[in-house]
Amino acid sequence: AFRIVPVSRSDARAMISEIRTAGLLRGARGERPVDLEALASSIVSLSALVSDFPEIQELDVNPLVVREAGAVALDARIIFGSPAGA
């Protein structure tokens with residue numbers, strides 16, 4: 001799922017519901033649901049980071065682990081360049 005930044009909380013929730021594995025996040029096959037609000041907050045925060053720092057050319061968070069309570073990025077890569085128009 002893709003959006004143009006900045007991404008709002010409602011955009012983030014919509015993005016989550018658009019992915020094929022959304023049912024697994026909500027709890028399926030006997031598993032407990034994950035913290036979808038923490039996931040949405042992570043998306044919104046990353047969107048704000050990219051909006052606030054135009055020198056970020058690429059941002060990769062992999063994996064982002066979302067649990068029953070909370071989310072944590074285990075690895076991230078950011079590539080910087082000159083801000084647009086500079």
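## Salt bridges, a pocket and two cis bonds

Reader: Let's jump right in. Which residue does E58 form a salt bridge with, and how far apart are the closest N and O atoms?

Author: The partner of E58 is R77, and the closest N and O atoms are 3.5 Å apart. This is a predicted model. E58 sits in strand 1 and R77 in strand 4, so the bridge ties together parts that are 19 residues apart in sequence.

Reader: Is E58 buried or exposed? And what about R77?

Author: Neither label fits, because 40% relative accessibility makes E58 partly exposed. R77 is also partly exposed, at a relative accessible area of 43%.

Reader: OK, and which residues do salt bridges with shared partners join into one network?

Author: That network is made of R9, R13 and E37. Within it, the side chains of R9 and E37 meet in a salt bridge at 3.2 Å, N to O. R9 belongs to helix 1 and E37 to helix 3, so to speak a link between distant parts of the chain, 28 residues apart.

Reader: How accessible is R9? And E37?

Author: R9 has a relative accessible area of 32%, so it counts as partly exposed. E37 is at 38%, and is partly exposed too.

Reader: How many salt bridges does the count come to?

Author: Five. One of them pairs R3 with E18, where the closest N and O atoms are 2.5 Å apart. R3 is in the segment before helix 1 and E18 in helix 1, so that pair ties together parts 15 residues apart in sequence. R3 is partly exposed at 32% relative accessibility, and E18 is partly exposed at 46%.

Reader: Let me zoom out for a sec. What pattern does the chain follow along the sequence?

Author: Reading along the sequence gives α-α-α-β-β-β-β, with three helices and four strands. The C-alpha trace spans about 50 × 25 × 20 Å along its principal axes.

Reader: And how many of the 86 residues count as buried, as a percentage?

Author: 17% of the 86 residues count as buried.

Reader: New topic, pockets. What volume does the largest pocket have?

Author: About 610 Å³. Its lining has 20 residues, and A1, M15, I43, L46 and L59 are the ones nearest the centre of the pocket. Helix 1 (9-18), helix 3 (36-52) and strand 1 (56-61) are the elements that give two or more residues to the lining.

Reader: Which element gives the most to that lining?

Author: Strand 1, with six residues.

Reader: What's the lining like by class?

Author: The lining of the largest pocket has 15 nonpolar residues, two polar and three charged.

Reader: L59 makes me curious about the surface. Which residues make the nonpolar surface patch of about 260 Å²?

Author: That patch is made by L59, I78 and F80. L59 is also among the residues nearest the centre of the largest pocket.

Reader: Where does I78 lie? And why can it be in a patch at all?

Author: I78 is in strand 4, residues 76-80. A patch residue needs over 30% relative accessible area, and I78 is partly exposed at 35%, so it clears that cut-off.

Reader: Now backbone geometry. Which peptide bonds are cis?

Author: One cis peptide bond joins V5 and P6, with omega about 0°. P6 is in the segment before helix 1. The bond from N62 to P63 is cis too, with omega near 5°. For context, most peptide bonds are trans.

Reader: Where's P63, then?

Author: P63 is in the loop between strand 1 and strand 2 (64-66). At 34% relative accessibility, P63 is partly exposed. The C-alpha atoms of P63 and L74 are separated by 5.7 Å, though the two residues are 11 apart along the chain.

Reader: Last one. Which residue has a positive phi although it is not a glycine?

Author: R29, with a phi of about 55°. Most residues other than glycine have a negative phi.

Reader: Where is R29, and is R29 buried or exposed?

Author: R29 is in the loop between helix 2 (22-25) and helix 3. With a relative accessible area of 76%, R29 is exposed.

How values were computed. Residues numbered from 1 in each chain as written. Predicted model: local features only at pLDDT ≥ 70, side-chain atom pairs only at ≥ 80, totals over all residues. Heavy atoms only, no water. Patch = residues over 30% accessible without salt bridge, like charges linked within 9 Å, V, L, I, M, F, W, Y side chains within 5 Å. Areas by Shrake-Rupley, 256 points an atom, 1.4 Å probe, with all protein chains shown as cover. Salt bridge = Lys/Arg side-chain N within 4 Å of Asp/Glu carboxyl O. Buried < 20%, exposed > 50% of the residue type's maximum accessible area, 1.4 Å probe, protein only. 1 Å grid on protein atoms, 1.4 Å probe; cavity = no way out; pocket = protein on both sides within 12 Å on 5 of 7 lines; lining within 4 Å. Points joined across faces, edges and corners; volume = space filled by probe spheres on them. Nonpolar A, V, L, I, M, F, W, Y, C, P; charged D, E, K, R; others polar.
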